Amino acid sequence: MTLPARDRPRGVASRLAPFGTTIFAEMSALAVATGSVNLGQGFPEDPGPALLRSAASAAIEEGDNQYPPGIGVAALLEAVAAHQLAEHGLAYDPAREILVTAGATEAIASAVLGLCEPGDEVVMLEPSYDSYAAVVAMAGAVRVPVRLAYDEAAGRWVLPPGALEAAVTERTRLVLVNSPHNPTGKVLDGDERAEVAGVCCRHDLVCVTDEVYEHLVFDGRRHVPLATLPGMRDRTVTISSAGKSFSVTGWKVGWACAPADLLAGVRSAKQFLTYVTPAPLQRAVAVGLAVTHDLVDPLRDELRANRDLLAKGLAGVGLAVRDAEGTYFLTVDLSPVTGEDGATFCRALPARCGVVAVPCSVFYGDPDGGRSLVRFAFCKRRATIEEAVDRLGRWRP
């Protein structure tokens, strides 16, 4: 029974109490305190492209420092529309079907808050980025995880056939999909995309897609937005951001593309969260989107090389490395070398060898989920990855 408001203890609301402080803040603080190499939180070390920094500085000096339009600066709305059309063949009206947000995290929160009623079920892939479960709780909705599996023979993460269909009930409202996927680095293949689209169309579900790593896909793979599949464009909220593509994670400039009726729900929530996103940064991102591949392609190649170096170092100490098809992250299975759970391992690793990682258990609703899995970020300078590999080489279970 719920206590009367005056009788409840002060502090965090019960629906958010299970989430506590994010693991990223905890592990980054531990990295600073111990002088460790931080491969926990996924932020690059470089300052970001000079083109974008110059454009942002120019916009500030030119006086563009007041509230921009609530939906976003026209130049960025138009740049996002041009990008979606050129990259994916998706046509969106900049005035009615695109919304600028404070990063992809706010876009996802706005979509769930603006499109779900209390008690609605939100189906999502698990492991899932930690903000997903929290925002579902904020909305009073119900999280329904569909667990990815690791196919040892194929050497890749897979969406088990039929698992998504089995998760749908009459209360399901929304399917939240992240591909390229954090934390596993998985990219949905053609059969998996078709399965997601089929479930959404058969059950008339809204699909929200987190595609922030859309350009950071390796080894000849290609990211294909779910909105491009038959029947999906008019039921999908497609979300991306500049943070990952352009290595400016602190700018928090993202966007959502959707048919006008769905975008109205996203916008209704967003306007009461941050209200707007900084105008100078929006203008700079518009400049970057005009030359996306000039900026992204060298970054992708650098990340792929870092991934390979880190994977070799992790395998060298006996950890079972699970290949990353995209994103900033590698996951490893500890079980071949230690019986420790991931959280214990990660909290001890800085003292053992001066490296910080993140336990994958935080990405699961079940406390035992991902117990032996750990995530390492490789979106750092080459010298940082080399130093981390050297330090890891000194560690022995």
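Strands here are DSSP runs of at least two residues, numbered from the N terminus. With that in hand, here are some close-up views of this predicted model.

**Figure 1. Strand 9 leads the lining of the second largest cavity.** Strand 9 (236–241) gives three residues to this lining, the most of any contributor. Strand 9 and strand 10 (254–257) each supply at least two residues. The full lining is made up of Gln84, Glu211, Glu214, Thr238, Ile239, Ser240, Trp255 and Cys257. By class, that gives three nonpolar, three polar and two charged residues. The space inside comes to about 40 Å³.

**Figure 2. The largest cavity takes residues from strand 7 and strand 8.** The volume of the largest cavity is about 80 Å³, and the model has three cavities of 30 Å³ or more. Of the 14 residues in the lining of the largest cavity, Ser179, Leu188, His223, Val224 and Leu226 lie nearest its centre. Strand 7 (172–178) and strand 8 (206–210) each supply at least two residues to the lining. Six of the lining residues are nonpolar, four polar and four charged.

**Figure 3. Helix 5 is mostly covered.** Of the nine residues in helix 5 (130–138), eight are buried. Follow the chain and you will meet them in a row: Asp130, Ser131, Tyr132, Ala133, Ala134, Val135, Val136 and Ala137. The cover over these buried residues includes helix 1 (23–34) and helix 4 (103–115), along with strand 3 (121–126), strand 4 (142–147), strand 7 and strand 8. After helix 5 comes glycine 140, with a positive phi near 75°.

**Figure 4. Helix 5 gives the most to the lining of the largest pocket.** This pocket holds about 830 Å³ of space. Its lining has 40 residues, and those nearest the centre are Phe19, Asp130, Ala133, Ala134 and Val362. Helix 1, helix 4, helix 5 and helix 12 (342–353) are the elements that give two or more residues to this lining. Helix 5 provides eight residues. Sorted by class, the lining has 23 nonpolar, nine polar and eight charged residues.

**Figure 5. In the second largest pocket, helix 4 supplies the largest share of the lining.** The pocket has a volume of about 480 Å³. Look for Gly42, Thr105, Tyr129, Lys244 and Lys252, which lie nearest the centre among the 26 lining residues. The elements giving two or more residues are helix 1, helix 4, helix 5 and helix 8 (242–245). Helix 4 contributes four residues. The lining divides into eleven nonpolar, eleven polar and four charged residues.

**Figure 6. Tyrosine 129 sits in the loop between strand 3 and helix 5.** Tyrosine 129 counts as partly exposed because its relative accessibility is 23%, and buried means under 20%. Leaving aside residues up to four places away in sequence, tyrosine 129 touches Phe24, Thr105, Asn182 and Phe363. Cysteine 360 is 231 residues from tyrosine 129 in sequence, yet their C-alpha atoms are 9.8 Å apart in space.

**Figure 7. Helix 4 and helix 9 cross roughly perpendicular to each other.** The axes of helix 4 and helix 9 (260–270) come within 7 Å and cross at roughly 110°. Angles of 65 to 115 degrees count as roughly perpendicular, so the label fits this pair. On the helix 4 side, the contact is made by Glu106, Ala107, Ser110, Ala111, Leu113, Gly114 and Leu115; helix 9 meets them with Leu262, Gly265, Val266, Ser268, Ala269 and Lys270. These contact residues divide into seven nonpolar, four polar and two charged.

How values were computed
Residues numbered from 1 in each chain as written. Predicted model: local features only at pLDDT ≥ 70, side-chain atom pairs only at ≥ 80, totals over all residues. Heavy atoms only, no water. Buried < 20%, exposed > 50% of the residue type's maximum accessible area, 1.4 Å probe, protein only. Contact = heavy atoms within 4.5 Å. Axes fitted to C-alpha atoms, helices over the stretch in contact; angles between N-to-C directions. Parallel < 35°, antiparallel > 145°, perpendicular 65-115°, else oblique. Nonpolar A, V, L, I, M, F, W, Y, C, P; charged D, E, K, R; others polar. 1 Å grid on protein atoms, 1.4 Å probe; cavity = no way out; pocket = protein on both sides within 12 Å on 5 of 7 lines; lining within 4 Å. Points joined across faces, edges and corners; volume = space filled by probe spheres on them.
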